[in-house]
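Please open the structure in your viewer and keep the selection tool at hand, as this tour moves from one selection to the next and says what is found at each stop.

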Amino acid sequence: MWKKFKRLFIIKTKFEAFLIVYALATGAVARGQDYLVQYPGFGGKLLFLACTGAVFMAGAKMIEAIDYHRSFGREY
């Protein structure tokens with residue numbers, strides 16, 4: 001039973017990774033917009049870029065990990 005429950009939280013395909021990246025990006029943009037309001041000017045823009053940049057790095061790592069697991073034949 002626990003194995004089936006655990007499988008729900010494993011990213012198996014690139015499509016699932018893209019859905020997660022989309023959700024993270026939506027939250028990052030909302031947070032970035034708040035930063036633009038709270039910190040007008042250059043500081044707010046830097047914080048906005050930091051929020052969105054972190055999502056791009058995390059997304060790249062997820063997709064890279066899926067390719068890595070497939071190259072060694074490790075299917076879930």
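## The surface patch

Begin by selecting W2, F5, L8 and F9, which together make up a nonpolar patch on the surface with about 570 Å² of accessible area. Keep in mind throughout that what is on the screen is a predicted model.

Within this patch, pick out L8, which sits in the loop between α1 (2–7) and α2 (14–38). L8 counts as exposed because its relative accessibility is 64%.

Now show the rings of the patch, where ring pairs join W2, F5 and F9 into a cluster. In the structure as a whole, the count of aromatic pairs comes to four. One of them is the pair of F5 and F9, whose ring centres are 5.4 Å apart and whose planes stand at 70°, so this pair is edge-to-face. As for their cover, F5 counts as partly exposed at 43% relative accessibility, while F9 is exposed, with a relative accessible area of 64%.

A further ring pair is reached by selecting Y68 and F72, whose centres lie 4.9 Å apart with the planes at 70°, so that this pair too is edge-to-face. Y68 is partly exposed, its relative accessible area being 44%, and F72 counts as exposed at 52%.

## Along α2

Next, select residues 14–38, the run that forms α2. The 25 residues of this helix should span 36 Å at 1.5 Å a residue, and the end C-alpha atoms of α2 are 35 Å apart, which agrees with that expectation.

Which residues of α2 are buried? Colour A17, V21, A28 and G32, for these are the buried ones in α2. If you then add residues 42–71 to the view, you have α3, and it is against α3 that the buried residues of α2 pack.

## Along α3

Stay with α3, which has 30 residues and reaches 43 Å from its first C-alpha to its last, close to the 44 Å expected at 1.5 Å a residue. Its buried residues are G44, C51, T52, V55, G59, M62, I63 and I66, and what covers them includes α2. Just beyond the helix, look for G73, which follows α3 and has a positive phi, near 75°.

Two of the buried residues deserve a selection of their own, beginning with C51 in helix α3. C51 counts as buried because its relative accessibility is 15%, where the cut-off for buried is under 20%. Leaving aside neighbours within four places in sequence, C51 is in contact with A28, R31, G32 and Y35. If you draw a distance from the C-alpha atom of C51 to that of A30, 21 residues away along the chain, the viewer should give a separation of 9.5 Å.

Then move to T52, also found in helix α3, which counts as buried at 16% relative accessibility. With neighbours within four places in sequence again left aside, the contacts of T52 are A28 and V29.

## The salt bridges

For the last stop, show the charged side chains, bearing in mind that side chains of opposite charge can pair when their charged atoms come close. How many salt bridges does the structure hold? There are two salt bridges to find.

Select K14 and D67, whose side chains meet in a salt bridge with 3.3 Å from N to O. This pair links distant parts of the chain, since K14 belongs to helix α2 and D67 to helix α3, and the two are 53 residues apart. K14 counts as partly exposed at 30% relative accessibility, and D67 is likewise partly exposed, with a relative accessible area of 38%.

Finally, select K61 and E64, which form a salt bridge whose closest N and O atoms are 3.5 Å apart. Here both residues lie in helix α3, three residues apart, which is about one turn of the helix. An α-helix has 3.6 residues a turn, so residues three or four places apart point the same way. Of the two partners, E64 is partly exposed, with a relative accessible area of 49%, whereas K61 is exposed, with a relative accessible area of 55%.

Note on methods. Residues are numbered from 1 along each chain as its sequence is written. This is a predicted model: local features need pLDDT of at least 70, side-chain atom pairs count only at pLDDT 80 or more; totals for chains, interfaces and linings use all residues. Side-chain values use heavy atoms; hydrogens and water are left out. Patches are made of residues with over 30% relative accessible area and no salt bridge: like charges are joined within 9 Å, nonpolar side chains (Val, Leu, Ile, Met, Phe, Trp, Tyr) within 5 Å. Accessible areas come from the Shrake-Rupley method with a 1.4 Å probe; for residues, only the protein chains shown count as cover. A salt bridge is a side-chain nitrogen of Lys or Arg within 4 Å of a carboxyl oxygen of Asp or Glu. Helices (H or I, at least four residues) and strands (E, at least two) are DSSP runs, numbered from the N terminus. Buried means under 20% relative accessible area, exposed over 50%, partly exposed in between (1.4 Å probe, protein chains only). The expected span of a helix is 1.5 Å times one less than its number of residues. Contact means heavy atoms within 4.5 Å. Rings of Phe, Tyr and Trp (its six-membered ring) pair if their centres lie within 6.5 Å; planes under 30 degrees apart count as stacked, over 60 as edge-to-face and the rest as tilted.
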